[in-house]
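Visitor: I've got a model open and would like to learn how to read its features. Can you walk me through a few?

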Amino acid sequence: MSELLQKQGVRGQLHRPEGDPVAGLVLTHGAGSNCDTKLLRAMAEGFVERGVLVLLFDLPFRQRRASGPPHPSRAAEDREGVAEAVAVMRDFGPGPVWAGGHSYGGRQASMLAAEVPAGIDALLLLSYPLHPPAKPEKPRTDHFPDLRTPAVVVHGSKDPFATTEEMESALELIPATTILVEFDGARHDLAPDKFPVVDRAVAAMFDLRQRREK
C-alpha cells in the first residue's frame, strides 16, 4: 500500500508493509530524475515485502523545479532534505532507519552520514557515482574515511561512473562494514527488470543488519 506524503518539507511516496514494520528505509533519486523511477519503485516493492516501511522522496533541488540537474553550490540543502526524510521516518517509529538512493541521491546520503554519524543506521547506495564518467582522476571519496555507517553498495560492471576495481579500492577507505553487490553487465540504471537487483539488495541489507546485531 502506498500513499502520497508531504510533511516537514518532505515530498514523496510512503509504502507501507502489512503489519508493524521491522525497519524504515528512505530512498531518493539521482541528478536527472525524481523519486518516481523504475529502480526506486522496484526497491520499495521488494523491501515492503520484507516488512520495511519505505519512503521514496524528492530532494530539495527537484522540489524547486521539475527538471534539470542540481547545482553543486546547493548540495548542502539536498543533504538537509535527506536528514528531514530520516526525521520523518523516525516519527513513524519503525526501528532502525536506513537511508540512501540512486547515484547523486546516494552520494548525498553518504555525505550526511559522514557528517552526522548517529542519524542513519545503515546506507543503501545504488550506483554510487564514484567519479564523473571518463574522469577517474576526480574521485568523490573525500568523506569516505569519516564514514562509520555500514553500507551496501550496488554496482553494475558497465557503470561509466566507476569500474568494479575502482569501487572495491574506494570502499577500502571506509572504516565501517561495507557489502559490495555487483552485477556483471549492468549499467548505471541497474535495470531491475533484467538483473535481480532488488532481491540481492534486500538480502544484503538484512545481512548487514544481522552482522550489526551479533
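Visitor: How do the residues of the lining of the largest pocket divide into nonpolar, polar and charged?

Guide: Keep in mind that this is a predicted model. The lining holds nine nonpolar, four polar and two charged residues. As for the space inside the largest pocket, that comes to about 290 Å³. Of the 15 residues lining the pocket, Ala31, Pro70, Tyr104, Arg107 and Arg140 are the closest to its centre.

Visitor: Which helix gives the largest share of that lining?

Guide: That's H4, residues 104-115, with four residues.

Visitor: Now helices. Which residues of helix H5 are buried?

Guide: Buried means under 20% relative accessible area. In H5, which runs over residues 164-171, Thr164, Met167, Ala170 and Leu171 are buried. Next, look down the axis: these residues cover an arc of only 125 degrees, so they sit on the same side of H5.

Visitor: What covers the buried residues of H5?

Guide: The cover includes two strands, S7 (151-156) and S8 (178-183).

Visitor: Let's try a single residue. Is Val198 buried or exposed?

Guide: Compare its relative accessible area with the 20% cut-off for buried. Val198 has 12%, so it is buried. You'll find Val198 in helix H6, residues 197-213.

Visitor: Which residues does Val198 touch, leaving out those up to four places away in sequence?

Guide: Ala42, Met43 and Gly46. You can also relate Val198 to Val181: they are 17 residues apart in sequence, and their C-alpha atoms are 11 Å apart in space.

Terms used: Residues are numbered from 1 along each chain as its sequence is written. This is a predicted model: local features need pLDDT of at least 70, side-chain atom pairs count only at pLDDT 80 or more; totals for chains, interfaces and linings use all residues. Side-chain values use heavy atoms; hydrogens and water are left out. On a 1 Å grid over the protein atoms alone, a cavity is a set of points where a 1.4 Å probe fits but cannot get out, and a pocket is an open set with protein on both sides within 12 Å along at least five of seven lines; lining residues have an atom within 4 Å of a point. Grid points are joined across faces, edges and corners, and a volume is the space filled by probe spheres set on the points. Ala, Val, Leu, Ile, Met, Phe, Trp, Tyr, Cys and Pro count as nonpolar, Asp, Glu, Lys and Arg as charged, and the others, Gly among them, as polar. Buried means under 20% relative accessible area, exposed over 50%, partly exposed in between (1.4 Å probe, protein chains only). The arc is that of the directions from the helix axis to the C-beta atoms. Contact means heavy atoms within 4.5 Å.
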